Amino acid sequence: MRAARLFRFPVKGFPAEELTEAHVVKGRGIRGDRVAAFTNGSLDVPTDAWHSYSAFTVLKNDTELQKWRVGVDVAEESATVTLTTPTGESTTFATDDADGRAASARFLSENIPPQGTHVRALAVADQGMFDSRRSGISIINPATVAAISATEEGRAALGTVRDELDPLRFRGNVLVEGLAPFEEFALIGSIIRLGGVRLAIRSSIERCPATTVNPETKAVDVNVPRVLNSACGHLHCGIYGEILETGDVTVGDEITIEGQAPRELVKVARTPRFMTVVGRQQICNDIVEVALRDDLGWIREFDEPGMNLRVHLELGAPFWRTYTITDVDEDIVRIAVRTQGKGSLAVAALEEGERILTSGPHGTMTASRVFGGTTALITAGIGITPSLGLLRGEGLSELPGTDRIRLFHVDRDHRTACLWNRLQDRAAGGRVPVDAHHRDTATGGRPSHRELVDWVAGCDNVMVCGPRDFTAAVLAASDEAGVPAVHQETFASPNTGMSEAIAACTPAEVTLENSGTSFMWQPQEGTLLESLEARGLRSPSSCRGGSCGTCAVSLTAGSVHYPIEPAARVDADEVLVCSAVPAGPISLHL
């Protein structure tokens, strides 16, 4: 494992400068990196203090920046930067010269469109203008980028012109070699030595639309966040290190692991990290329960009954599956896996001691949202696991406002009997009255529409999980019975890309309450966010992959469908427009 290439980005959002060696400063980063940032006019920003990226002109909001050229001459206490337009005009400023910065800011204002009415400036700060106030170094593994390129979604996005994505899209300071794809995520939480520099690897890096820009052609050509979300089940590529010790790094320097980083230096999140298999047992028929230890201990920070875990595999190409969390005990997470399909077969075959990439817990269908009044949990086959997840832990004793639970489960030949028995045991230990009904379709046949209507009649909430036809039948019955709230648990399939999943949806009317206008959403338009933008309607967004929550909008009527379940948590009456499509007529507070 060694440093293969080094880069710095003198002005935030503008192109990189490649280096053969770099001086790295604690609390600052690579000398000459992000020494300034150009404000976009949306805010009145102090010129001598750090500010978040939203105040600056950055690549994800102005992809033309990639066409500029940047040079920097670094002195001990300052830097002199030259910025050259695509047409060859240039401006030069020193970071410690306020008048020079002001003159260059006027030049930039004449060449770069504003995003607000405030006077624009070149801002500087002692720690540099990094996305995080805690400056550092970003590390990219080209093997991971090649693996993303090799996915079905990656090949489709790249077309026939290019073989793979350029790692420079991800704007890393260090490109490494000697790691397997995604192996860099195993460094999170560690202290590493890179040449003469010590770093605490504090997080993975969530990717934004800046990665859509080809660093060679300067064209916006591949929707990298969409490819990541669909092919990998997350939006992360690369890791971020906080500098613990000043030093020098040179291309070719070895990278070694020194130990575990103090917890306060590590960013606790639901993002990709490795878990260790600590147990595996066959619990009935073709169902295996796998126990995983969260080596970083993050699961307890976010866990709620009803959430799920994403397991990310490397099966010739990145591959992922989502599993309900059926139990959590301290750092040990248990998932029930039905041994069907290559992904689940691979997960079920994991041996004790193996490490596997995971993310989560994810999911919006938690107990606090599903339960209330009379609540029915209606499941079929392995779809019973969300009910187990909803009733785990303290279960029914922590469901204020819930009067009665109805459990309905359908399977064939009692293939999920072990899980049904476990569910009944959990329900029996609560304080809420429970009605439990099981249907073996081998002897009793599938429930009719009338039976389903009777099951849900009088319910305030219904949760359904099962095969597509079964779920559709329960949704139709709930609609006829007038159930106020229906919660549908869906697990996205990694075999279906986001675009293909959206293409299978039905057109629907979207009403914008603030303006009183409406339009007919069509599947070929993409997500709700893409549909709004195509009509000239601006809606705040950042990651465009359901991870950050920036695009949350109030949903005042109707319901939406997430082709790939987002990771961000939003309120029950909100929708992430970057990841959602209408499930029927909807109204948005927009």
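Helices here are DSSP runs (H or I) of at least four residues and strands are DSSP runs (E) of at least two, both numbered from the N terminus. With that in hand, Leu399 can be placed in the loop between helix H8 (385-390) and strand E24 (402-411). Keep in mind that this is a predicted model.

**Leu399 in its loop**

Is Leu399 buried or exposed? Its relative accessibility is 9%, and buried means under 20%, so Leu399 counts as buried. Setting aside neighbours within four places in sequence, Leu399 touches Ala367 and Phe371. Asn214 is a long way off: 185 residues along the sequence, and 51 Å through space from C-alpha to C-alpha.

**The whole protein**

Stepping back, the protein has 14 helices and 34 strands. The C-alpha trace spans about 80 × 60 × 45 Å along its principal axes. A compact globule of 590 residues would have a radius of gyration near 25 Å, and the 26 Å found for the protein agrees with that. Buried residues account for 55% of the 590. If you take the contacts between residues at least 6 apart in sequence, 71% of them join residues at least 24 apart. On the outside, the protein exposes about 23900 Å², with carbon and sulfur atoms supplying 46% of that area.

**The largest nonpolar core**

Nonpolar side chains tend to be buried together in soluble globular proteins. Here the largest nonpolar core takes in 51 residues, and those with the most contacts inside it are Ile137, Ile139, Ile148, Val174, Ile188, Leu199 and Ile201. Which helix gives the most to this core? That would be H4 (residues 224-232), with five residues.

Ile137 is worth a look of its own. Not counting residues up to four places away in sequence, Ile137 touches Val24, Ile30, Asn173, Val174, Leu199, Ile239, Tyr240, Gly241 and Ile243. Two of the names on that list, Val174 and Leu199, also appear among the residues with the most contacts inside the core.

**Strands and hairpins**

Strands of a sheet pair through backbone hydrogen bonds, either parallel or antiparallel. One open sheet has three strands in the order E4-E3-E15, with antiparallel pairing. Strand E4 (29-30) and strand E15 (247-250) stand at the edges with a single partner strand each, so one side of each has no neighbour in the sheet.

Here are three of the antiparallel pairs, with their bridges:

| Strand pair | Bridges |
|---|---|
| E3 (residues 21-25) and E4 | two |
| E6 (residues 69-74) and E7 (residues 79-84) | six |
| E7 and E8 (residues 90-94) | five |

Down at the level of residues, Val25 has Gly29 in E4 as its bridge partner. Over in the next pair, Val74 is partnered by Ala79 in E7. E6 and E7 make a hairpin with four residues between them. E7 and E8 form a hairpin too, this one with five residues between the strands, and Gly88 takes a positive phi near 100° in it. Val81 stands opposite Phe93 in E8.

**An annotated stretch**

Finally, there is a label from a record. An unreviewed UniProt entry places the feature "domain: FAD-binding FR-type" at residues 270-368. How far apart are the end C-alpha atoms of residues 270-368? They lie 19 Å apart, and the span is 13% helix and 55% strand.

Definitions and conventions:
Residues are numbered from 1 along each chain as its sequence is written. This is a predicted model: local features need pLDDT of at least 70, side-chain atom pairs count only at pLDDT 80 or more; totals for chains, interfaces and linings use all residues. Side-chain values use heavy atoms; hydrogens and water are left out. A nonpolar core is a set of buried Ala, Val, Leu, Ile, Met, Phe, Trp, Tyr and Cys residues joined through side-chain atoms within 4.5 Å. Buried means under 20% relative accessible area, exposed over 50%, partly exposed in between (1.4 Å probe, protein chains only). Contact means heavy atoms within 4.5 Å. Two strands pair if DSSP finds at least two bridges between them. UniProt positions are given in the numbering used here, feature names are shortened, and annotations may be inferred rather than shown by experiment. The radius of gyration is taken over C-alpha atoms; the globule rule is 2.2 Å times the number of residues to the power 0.38. Accessible areas come from the Shrake-Rupley method with a 1.4 Å probe; for residues, only the protein chains shown count as cover.
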